[in-house]
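Could you walk me through this model in my viewer, one selection at a time? I would like to know what to pick next and what I will find there.

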Amino acid sequence: MNGDANPIDLVNHFLKGQNLEQLGKLEAAVEQYEIAVGAGFDATGPYDRLIALYSHRAQHRDVIRVAQAALAHVRTYEDKRDWFRRMEVAARKAASKVPEAIPKPE
């Protein structure tokens, strides 16, 4: 975890994110989860939720970023680490199939 991060505050961000998600306030939930992930939270919860939310939205680059962060920071069993790796690989494959946007001429 980031040395400046208070673990209790990070747990609270995760729990607030869960509550917001249950209320259907997904953008606000994502913000709370991102705070925990950005601080290097060492439990799986916010990473799992962000991967699920970003996968549902086909935000493949965000899935890759969050999976990599999980592998760097989360302390968990090897099967769960393998799941994060699989999510990263799947998101990379999906992202490679999406054509790059072409800017509109001005």
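Here is a short tour in four stops, moving from aromatic rings to a pair of helices.

Before you start, keep in mind that this is a predicted model.

**Stop one: Phe14 and Tyr33**

The model holds 2 aromatic pairs. Select Phe14 and Tyr33 to see one of them: the ring centres are 5.9 Å apart and the planes meet at 40 degrees, so the pair is tilted rather than stacked (under 30 degrees) or edge-to-face (over 60). Now colour the helices. Phe14 belongs to helix H1 (residues 7–22) and Tyr33 to helix H2 (residues 26–38), so this pair ties together parts that lie 19 residues apart in sequence. Are these two residues buried or exposed? Both Phe14 and Tyr33 are buried.

**Stop two: Trp83, Phe84 and Lys80**

Next, select Trp83 and Phe84. Their rings form an edge-to-face pair, with 5.3 Å from centre to centre and 65 degrees between the planes. Switch on a surface and compare the partners: Trp83 is partly exposed, at 24% relative accessible area, whereas Phe84 is buried, at 0%.

Keep both rings on screen and add Lys80. Where does its charged end sit? The charged end of Lys80 lies over the ring of Trp83, 4.3 Å from the ring centre. The charged end of Lys80 also sits over the ring of Phe84, at 5.3 Å from that centre.

**Stop three: helices H4 and H5**

Zoom out and show helix H4 (residues 60–73) together with helix H5 (residues 78–97). Their axes are 8 Å apart, and the helices pack at an angle of about 155 degrees. Angles over 145 degrees count as roughly antiparallel, and H4 and H5 are therefore roughly antiparallel to each other. Which hand does the crossing of H4 and H5 have? The crossing is left-handed.

To see the contact itself, display side chains on both helices. From H4, the residues taking part include His60, Val63, Ile64 and Leu71. From H5, they include Arg81, Met87, Glu88 and Ala95. Phe84, the buried ring from the previous stop, is also among the H5 residues in this contact.

**Stop four: Gly38**

Finish by going back to helix H2, where you will find Gly38. Gly38 is exposed, with a relative accessible area of 65%. Draw a distance from its C-alpha to that of Ala52: the two residues are 17 Å apart in space and 14 residues apart in sequence.

Conventions. Residues are numbered from 1 along each chain as its sequence is written. This is a predicted model: local features need pLDDT of at least 70, side-chain atom pairs count only at pLDDT 80 or more; totals for chains, interfaces and linings use all residues. Side-chain values use heavy atoms; hydrogens and water are left out. Rings of Phe, Tyr and Trp (its six-membered ring) pair if their centres lie within 6.5 Å; planes under 30 degrees apart count as stacked, over 60 as edge-to-face and the rest as tilted. Helices (H or I, at least four residues) and strands (E, at least two) are DSSP runs, numbered from the N terminus. Buried means under 20% relative accessible area, exposed over 50%, partly exposed in between (1.4 Å probe, protein chains only). A charge sits over a ring if NZ of Lys or CZ of Arg is within 6 Å of the ring centre and within 35 degrees of the ring normal. Axes are lines fitted to C-alpha atoms, for helices over the stretch in contact, and angles run from 0 to 180 degrees between N-to-C directions. Angles under 35 degrees count as roughly parallel, over 145 as roughly antiparallel, 65 to 115 as roughly perpendicular and the rest as oblique. A crossing is left-handed if the near helix is turned anticlockwise from the far one by less than a right angle, and right-handed if clockwise. Contact means heavy atoms within 4.5 Å.
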